[in-house]
Amino acid sequence: MFFIINIIMNLIFNTIVIVGLIIMLFIKPDLCMSTILSAGGKTVNLCISLLGIYAVWLGLLEILEASGLNKIVAKLLRPIIKFVFGEQNPKASEQIAINISSNMLGLGNASTPSGIKAIQFMDDGSGRINQGQTMLMIINSMSIQLIPTTIIGLRIANGSLNSSNIILPILIVSILSTTLAIVLVKLAFKFLKRKK
Amino acid sequence: MSNYVLPILIVALFVFAIIKKVNTYSVFVSGATKSLTLIADIFAYILTIFIALELFTASGLSVYFCKALSPIFSVLGIPTELTELIIVKPFSGSGGLALLTDVYQKYGADSYISRCASVIFGSSETVFYVATVYFSKTKIKKLGFAIPVAMLCLIFSVIISCLICRFI
């Protein structure tokens, strides 16, 4: 799969660089190099604002992790996880809880290892994807985030006067799309069972 | 109202951490230090997306591209200005970030388009990254209908993002 993303990004990059530059050579050749170099400047600007945002939030998130608050959230989520994922072995359900709660709290670096472990614990060794794994992957793709820290920071950096007014819409949209995902996965696996 | 949420949460976090006897000062510092390696990791990815984006707009390719997609997008109520963001986000999170800031700078951070972009960016993850990394330690090669269902939900979330930003 990693291979496929690489191929797709490679394809986008190559096509745009070659086709874009050839078109520009015809219409405005004098701007070719300045266009490419301005990308470098923009990257530095963005990375510096991101560095500021990440530094503050990663510091706060470290406190959150050290205080054990994420484990409390994981415990609170357990009944919901049991409902969505059905009966799973205790090791898997623990990792699922950590994965989903750290996603909700914006602890991106904590959610990846727990996600990998949860998928491993749910694996039945058949080489085929099962319902729990599909569910976890899709719920992660829709990501319910309680506090979209990076977006708020970037909006402030770009002069927003009401940077947090997107918290509520993001919450509503991600809850709706996650619900749709859960329903679709449950329906799809019911359909598969009947077919067999 | 929403301006009070984060500061109150941060105060609550500090009070909770102090009760739990966490040395907040040194823990904060060690967390904040990690931001440097994080930026070093994504810097070049952001650069490639910016090069592509600059060429895409300067050459006029984006105009044709948006024109081709605008009939579909207008039916679904999605602004065509967000085409690049919607296409790149499922593949590359850092690329998505670059495109998001580009939208902020072009249209102003508080405009309808920028708020749509924020909600679209915030309500989905990089589907293909999740699919790749999460299954990296299993023998599973085919993800069945996981990817199609994820894409369907993604389209759904983009449509309601744009819809909800009209009202909230």
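**Chain B, secondary structure.** I began with chain B of this predicted model, and I counted eight helices and zero strands in its secondary structure. Reading along the sequence, I wrote the pattern down as α-α-α-α-α-α-α-α. I then looked up how spread out the chain is: its radius of gyration is 20 Å, well over the 15 Å that the globule rule gives for 168 residues, so chain B is more spread out than a compact globule. Taken along the principal axes, the box filled by the C-alpha atoms of chain B is roughly 60 × 50 × 30 Å.

**Chain B, burial and contacts.** I noted that 42% of the 168 residues of chain B count as buried. When I took the contacts in chain B between residues at least 6 apart in sequence, I found that 65% of them join residues at least 24 apart.

**Chain B, confidence.** Before going further I looked up the pLDDT, and chain B has a mean of 89, with 99% of its residues at 70 or more. Within chain B the confidence is lowest in helix α7 (residues 127-134), where the mean is 82, and highest in helix α6 (residues 112-122), where it is 94. For the complex, the predictor gives an ipTM of 0.86 and a pTM of 0.87.

**Chain A, overall form.** Turning to chain A, I again counted eight helices and zero strands, and the pattern along its sequence reads α-α-α-α-α-α-α-α. A compact globule of 196 residues would have a radius of gyration near 16 Å, but I found 22 Å for chain A. Its C-alpha trace spans about 65 × 45 × 25 Å along the principal axes. Of the 196 residues in chain A, buried ones make up 41%, and among the contacts in chain A between residues at least 6 apart in sequence, 59% join residues at least 24 apart.

**Where the chains meet.** I next looked at the interface, where 84 residues of chain A are in contact with 80 residues of chain B. On the side of chain A that touches chain B, I listed the helices that each supply at least two residues, and these are α1 (2-27), α2 (32-66), α5 (108-122), α6 (131-142), α7 (149-157) and α8 (167-195) of chain A. The largest share of that side comes from α2(A), with 22 residues. By residue type, the side of chain A that touches chain B divides into 54 nonpolar, 25 polar and five charged residues.

**The nonpolar core.** The largest nonpolar core has 93 residues, and I noted those with the most contacts inside it as Ile138(A), Leu85(B), Leu100(B), Ile120(B) and Ala131(B). Helix α2(A) gives the most to this core, with 13 residues. I followed up Leu85(B), and not counting residues up to four places away in sequence, I found that it touches Gly96(B), Leu99(B), Leu100(B), Val103(B), Ala117(B), Ile120(B) and Phe121(B).

**One residue of helix α2 in chain A.** Lastly I looked up Glu65(A), which lies in helix α2 of chain A. I wanted to know whether Glu65(A) is buried, exposed or partly exposed. Because it has 19 other C-beta atoms within 10 Å, where 20 or more would make a residue buried, Glu65(A) is partly exposed. Leaving aside its neighbours within four places in sequence, Glu65(A) is in contact with Asn70(A), Leu107(A) and Ala110(A). Of these, Leu107(A) is 42 residues from Glu65(A) along the chain, and I found their C-alpha atoms separated by 8.7 Å.

Key
Residues are numbered from 1 along each chain as its sequence is written. Chains are lettered from A and ligands numbered from 1 in the order in which they are written. This is a predicted model: local features need pLDDT of at least 70, side-chain atom pairs count only at pLDDT 80 or more; totals for chains, interfaces and linings use all residues. pLDDT is the predictor's confidence in each residue, from 0 to 100. Helices (H or I, at least four residues) and strands (E, at least two) are DSSP runs, numbered from the N terminus. Two residues are in contact if their C-beta atoms, placed from the backbone, lie within 7 Å. Ala, Val, Leu, Ile, Met, Phe, Trp, Tyr, Cys and Pro count as nonpolar, Asp, Glu, Lys and Arg as charged, and the others, Gly among them, as polar. A nonpolar core is a set of buried Ala, Val, Leu, Ile, Met, Phe, Trp, Tyr and Cys residues joined through C-beta atoms within 7 Å. A residue is buried if 20 or more other C-beta atoms lie within 10 Å of its own, exposed if 12 or fewer, and partly exposed in between; C-beta atoms are placed from the backbone. The radius of gyration is taken over C-alpha atoms; the globule rule is 2.2 Å times the number of residues to the power 0.38.
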